[in-house]
Amino acid sequence: MSKVSTERNTDCEKKGLVVISFGTSCRESRIKTINAIEKDLRKAFPDRLFCSGWTSHMLTAKVRKNEGSEVMTAEEAVKFMEREGITDLLVQPTHLTEGIENKRLREILEKSSIKTIRLGRPLLTGESDLIDTGKAISQIFSEIHENQVVALMGHGSPDRENTIYLELENKVRTMGRKDIFIGTVEGNPGIEHIKEGIRASRAGKVLLAPLMVVAGDHAINDLAGDKETSWKTEIMKMGCDTFPYLHGLGESEEIRQIYIKHAQEAECIK
């Protein structure tokens, strides 16, 4: 949920922090994920004026209409900081990869009149991010039962190679987790990659979980839904029992700490 905090130290009047997310209309998951990330980032940077915004205009409009909430778009959040006279702006996205949404965010920031803007990395950008996220995932799914594997659904893109997801899967393999398989709802590696992994493991039980900040529509419908094309249905056709685990990555303290680290290491883009 987009928020504004006016708590600032008087000697840091012109510093700001904006947290940018794609957005979600799933209020329960939003509170546990996006809001939790925002809270931790605000605590990490108490000397900065805070607000947040979403890159999805459709979801922003939907939540405004259905919940009567004051949700800002990413553009509105940056404009708010401009009106407040911010001269040093730190922006941390909650996006997973350097995809379309993050590129749009960069375009918004490049057009801003704010003198200095620092931009933190998405969750999965470099080798150290893969290691940190791999460790966090291993911790989240540390209590997997015998004859059970984990199928993680990332978002992905149909227009480009989603190699970062395969790199993350390989990274957790090096950590000894051969029971975790990663695919995407759009593009490849998709459900066929997941099914190949399950067959090779000979597991009879599959834990279905989103590799997304929020457990939103994709998690509810494309991952764990009853429709013919959902991962749940596809995997059940293989004769496996499925167990939905509908918790977004934003619920993990380890994942939230990675976002804080990225904000601390933010790149000065102007």
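Visitor: What makes H6 oblique to H7?

Guide: Take the angle first. In this predicted model, helix H6 (residues 127–140) and helix H7 (residues 163–174) pack at about 60 degrees, with axes 9 Å apart. Angles under 35 degrees would be roughly parallel, and the roughly perpendicular band runs from 65 to 115. An angle of about 60 degrees falls in neither, so H6 is oblique to H7. The crossing of H6 and H7 is right-handed, too.

Visitor: Which residues of H6 and H7 meet?

Guide: From H6 you have Glu127, Leu130, Ile131, Thr133, Gly134, Ile137 and Ser138. On the H7 side they meet Ile164, Glu167, Leu168, Lys171 and Val172. Sorted by class, that contact has six nonpolar, three polar and three charged residues.

Visitor: Why are H2 and H11 called oblique to each other?

Guide: Run the same kind of check. The axes of helix H2 (residues 34–44) and helix H11 (residues 253–264) cross at roughly 45 degrees and come within 10 Å. Roughly parallel needs an angle under 35 degrees, and roughly perpendicular starts at 65. Roughly 45 degrees sits between those cut-offs, so H2 and H11 are oblique. H2 passes H11 in a right-handed crossing. Ala36, Ile37, Asp40, Leu41 and Ala44 of H2 make the contact with Arg256, Tyr259, Ile260 and Ala263 of H11. The class count for H2 with H11 is seven nonpolar, no polar and two charged residues.

Visitor: How do you know that Glu67 forms a salt bridge with Arg30?

Guide: Check the distance: the closest N and O atoms of Glu67 and Arg30 are 2.6 Å apart, and the cut-off is within 4 Å. So the pair qualifies as a salt bridge. Glu67 lies in helix H3 (residues 57–67) and Arg30 in helix H1 (residues 27–32), so this pair ties together parts that are 37 residues apart in sequence. There's a network here as well: salt bridges link Arg27, Arg30 and Glu67. A search of the whole structure finds 23 salt bridges.

Visitor: Are Glu67 and Arg30 buried, partly exposed or exposed, and why?

Guide: Buried means under 20% relative accessible area, and exposed means over 50%. Arg30 has 0%, so Arg30 is buried. Glu67 has 29%, between the two cut-offs, so Glu67 is partly exposed.

Visitor: What makes Arg64 and Glu76 a salt bridge?

Guide: Their closest N and O atoms are 2.5 Å apart, against a limit of 4 Å, so the pair passes. Arg64 lies in helix H3 and Glu76 in helix H4 (residues 74–83), so the bridge ties together parts that are twelve residues apart in sequence. Relative accessibility is 33% for Arg64, which counts as partly exposed. Glu76, at 31%, counts as partly exposed too.

Visitor: How do you know that Arg104 and Glu101 meet in a salt bridge?

Guide: The N to O distance is 3.0 Å, and within 4 Å is what the term asks for, so the name fits. Both Arg104 and Glu101 lie in helix H5 (residues 100–110), three residues apart, about one turn of the helix.

Visitor: Why does Glu101 count as buried?

Guide: Its relative accessibility is 17%, under the 20% cut-off, so Glu101 is buried. Arg104, at 44%, is over that cut-off but not over 50%, so Arg104 counts as partly exposed.

Conventions
Residues numbered from 1 in each chain as written. Predicted model: local features only at pLDDT ≥ 70, side-chain atom pairs only at ≥ 80, totals over all residues. Heavy atoms only, no water. Axes fitted to C-alpha atoms, helices over the stretch in contact; angles between N-to-C directions. Helix = DSSP H or I, 4+ residues; strand = E, 2+ residues; numbered from the N terminus. Parallel < 35°, antiparallel > 145°, perpendicular 65-115°, else oblique. Left-handed = near helix turned anticlockwise from the far one by under 90°. Contact = heavy atoms within 4.5 Å. Nonpolar A, V, L, I, M, F, W, Y, C, P; charged D, E, K, R; others polar. Salt bridge = Lys/Arg side-chain N within 4 Å of Asp/Glu carboxyl O. Buried < 20%, exposed > 50% of the residue type's maximum accessible area, 1.4 Å probe, protein only.
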